[in-house]
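Let's take a walk through this structure together, one helix and one strand at a time. Have the sequence and the 3D view open as you read.

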Amino acid sequence: MDADYALFAKIIESGSLSAAGRAVGLSPAMVSKRLARLEARLGAALVNRTTRRLALTETGERFHADVLAILKAVAEAEARVGGEKDGPAGLLRVSAPTSFGRLHIAPHLKRFLDDYPRITLDLDLSDGFVDLMAARIDVAVRITPTVGGGVSARRLATNRRILCAAPAYIAQHGAPEDTAALGDTQRHRLLAATGQFPWRLTGASGSAEARTVTIDGTSRVRTNSSEVVRELCIAGVGIALRSLWDVSADLAAGRLVRILPDCEGSADVGIYAVSPRRSGIAPAVGAFTDFLEGLYRPVPPWEG
């Protein structure tokens, strides 16, 4: 691989020629000379230089994305070769939803790291959608009805969701007798994070057979945090549709109780391990995906 490509990536990562030079052991003048040589060879300006900072040109942005992909592919190729000999190794970048990662990934990581001492883990917890390629993520845990195209996905578990509320809420407002009562804003308060409405419920209470009911409500509190919704529900603010993996401990401890136990969220939502689609699977990616599958199959711990 062209060494100037790696230097170009280091320049952009470092933010300056001098910082990149210190990282690779070259003088700023030599770094500048090699960048100019690369631009001359390509016949295009990659970076706009000012006294304070470097900024990628439009061409430079596209070339930078391509270079990162090349560097990642080379690293994975080397890891595969090394993995065949000494087992999985290298940096593994993992992304997961905040609450799920905190509750159901982080507590188990010591075992994974003990089993694979040559893997270094970078764990990013975020409730936003993460672009795997842009963020250079190797494995992402996604809770979604569909994973979309361009990725490899393994379904780890079904995401069961139930209606729940705190005993204090029920004592004050009573328990809804059917799904229609959830829409009575004079009696009941609903809680959901931004984008979580409408609720699609199956097996509606009182029905002879499973059917789907849509609840297009308004949350009593607006928030982008699912963890805030859970805390508000425990505090007695309202009724929430929560994943069992999120509230099973609260149900067991009596902090929450199920509402309309015949109802659950539609079963089309799954928990997936997703990785960028490419030829071959890096040993570290395969090892971590297998590890997750071992945690949640055949029965997830929150279903026990």
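A good place to start is the N-terminal end of helix H9, which is capped by Ser 225: a side-chain oxygen of this serine lies 3.3 Å from the backbone nitrogen of Glu 227. Keep in mind as you look at such details that the model is predicted.

Now follow the helix itself, which covers residues 226-234. Which residues of H9 are buried? They are Ser 226, Val 229, Arg 230 and Cys 233. Looking down the axis of H9, you will find these buried residues within an arc of 100 degrees, so they line one face of the helix. Their cover includes three strands, S7 (161-165), S8 (190-191) and S11 (239-243), along with helix H10 (244-253). Beyond the helix comes Gly 236, with a positive phi near 95 degrees.

From here, turn to strand S5, which spans residues 139-144. Why can S5 be called largely enclosed by the rest of the structure? Five of its six residues are buried, so the strand fits that description.

Next, look at the strands that S5 pairs with. With strand S3 (residues 90-96), S5 pairs in the parallel sense, over two bridges. To find this pairing on your screen, look for Val 94, which stands opposite Val 139 of S5. With strand S14 (residues 270-276), S5 pairs in the antiparallel sense, over five bridges. Here a handy landmark is Thr 144, whose bridge partner in S14 is Gly 270.

Notes: Residues numbered from 1 in each chain as written. Predicted model: local features only at pLDDT ≥ 70, side-chain atom pairs only at ≥ 80, totals over all residues. Heavy atoms only, no water. Buried < 20%, exposed > 50% of the residue type's maximum accessible area, 1.4 Å probe, protein only. Helix = DSSP H or I, 4+ residues; strand = E, 2+ residues; numbered from the N terminus. Arc of directions from axis to C-beta. Contact = heavy atoms within 4.5 Å. Polar contact = N/O pair within 3.5 Å; in protein donor to acceptor, adjacent residues only side chain to side chain. Pairing = 2+ DSSP bridges.
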